[in-house]
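Visitor: I am new to protein structures and would like to learn how to read one. Could you walk me through it step by step?

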Amino acid sequence: MPLLYCKPVSGLGIFGYWIGQLGDHYERKTGMHLYSGTLNLELPESDSLPPNPLRPEAHEYGGRVSVNIVPCLILGRPAFLLLTDQNEIGTGHHPRNLIEIATDLGLRDAYSLRDGDPIEVEIP
């Protein structure tokens with residue numbers, strides 16, 4: 001399994017807001033009820049997405065942003081790497097080396113994570 005070596009960084013709360021608003025849509029795509037917040041992780045450098053991510057398209061939910069969803073493991077938990085098309089091409093709210101992780105609980109609180117803590121994300 002490829003490993004991504006990352007560190008948590010503070011985020012804007014935008015993805016968490018949309019997960020809260022579109023929770024049913026994300027649950028249909030992922031099979032998991034996602035916590036309405038993400039863990040922002042900074043990679044040492046930009047990386048490409050694995051092939052064939054899940055794709056909630058903007059037109060499916062009446063939105064403006066399509067999202068790449070990649071199953072992953074973080075701290076031994078099933079989770080999902082989320083990356084908007086805009087962030088993937090470098091025109092979004094985040095630089096290309098910042099990813100967001102969503103799962104069924106708030107990772108930062110559950111694992112007492114602080115900005116800068118080393119963390120690994122496994123991509124199956």
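Guide: Gladly; we will go through the strands, the burial of residues, the salt bridges and a surface patch.

Guide: This is a predicted model, in which local features need pLDDT of at least 70, side-chain atom pairs count only at pLDDT 80 or more, and totals for chains, interfaces and linings use all residues. Residues are numbered from 1 along each chain as its sequence is written, and side-chain values use heavy atoms, with hydrogens and water left out.

Visitor: How do the strands run in the closed barrel, and how many are there?

Guide: Let me begin with the general idea. Strands of a sheet pair through backbone hydrogen bonds, either parallel or antiparallel. Strands (E, at least two residues) and helices (H or I, at least four) are DSSP runs, numbered from the N terminus, and two strands pair if DSSP finds at least two bridges between them. Here, 6 strands form a closed barrel in the order β1-β2-β5-β4-β3-β6, with antiparallel pairing. On average, neighbouring strands of this sheet are turned by 45° against each other, direction ignored. Such angles run from 0 to 180 degrees between N-to-C directions, with axes as lines fitted to C-alpha atoms, for helices over the stretch in contact.

Visitor: Which strands pair with β3?

Guide: Strand β4 (residues 77-84) pairs with β3 in the antiparallel sense over 8 bridges. Within that pairing, I69 stands opposite L82, and L73 stands opposite P78. The hairpin of β3 and β4 has 2 residues between the strands, and L75 there takes a positive phi near 55°. Strand β6 (residues 119-122) also pairs with β3 in the antiparallel sense, over 2 bridges. There, I74 has V121 as its bridge partner, while L73 stands opposite E122.

Visitor: What joins β1 to β6?

Guide: They run antiparallel and are joined by 4 bridges; C6 stands opposite I119 of β6.

Visitor: Where does helix α1 lie?

Guide: Helix α1 lies across β3, β4 and β5 (98-102), and runs at about 110° to β4. For contact, the rule is heavy atoms within 4.5 Å.

Visitor: Is strand β3 largely enclosed or open, and why?

Guide: Start with the cut-offs: buried means under 20% relative accessible area, exposed over 50%, and partly exposed in between (1.4 Å probe, protein chains only). In β3 (residues 67-74), 6 of the 8 residues are buried, so this strand is largely enclosed by the rest of the structure. In β6 the side chains alternate: I119 and V121 point to one face and are buried, whereas E120 and E122 point to the other and are not. I123 sits in the segment after β6 and counts as buried because its relative accessibility is 7%. The C-alpha atoms of I123 and V70 are 7.8 Å apart, although 53 residues separate them along the chain.

Visitor: How many salt bridges does the whole structure have?

Guide: The general idea comes first. Side chains of opposite charge can pair when their charged atoms come close. The rule for a salt bridge is a side-chain nitrogen of Lys or Arg within 4 Å of a carboxyl oxygen of Asp or Glu. A search of the whole structure finds 4 of them. One of them joins E42 and K7, with the closest N and O atoms 3.4 Å apart. This pair links distant parts of the chain, E42 in strand β2 (residues 39-42) and K7 in strand β1, 35 residues apart. E42 is partly exposed at 27% relative accessible area, and K7 is partly exposed at 36%.

Visitor: Which residue forms a salt bridge with R77?

Guide: D104 does, and the closest N and O atoms are 2.6 Å apart. D104 lies in the loop between β5 and α5 (107-110) and R77 in strand β4, 27 residues apart.

Visitor: Which residues form the nonpolar patch on the surface?

Guide: Patches are made of residues with over 30% relative accessible area and no salt bridge; like charges are joined within 9 Å, and nonpolar side chains (Val, Leu, Ile, Met, Phe, Trp, Tyr) within 5 Å. Here the patch consists of L12, I14, Y17 and W18, with about 420 Å² of accessible area together. Accessible areas come from the Shrake-Rupley method with a 1.4 Å probe, and for residues only the protein chains shown count as cover. L12 lies in the loop between β1 (3-8) and α1 (14-21), and L12 is exposed, with a relative accessible area of 56%.
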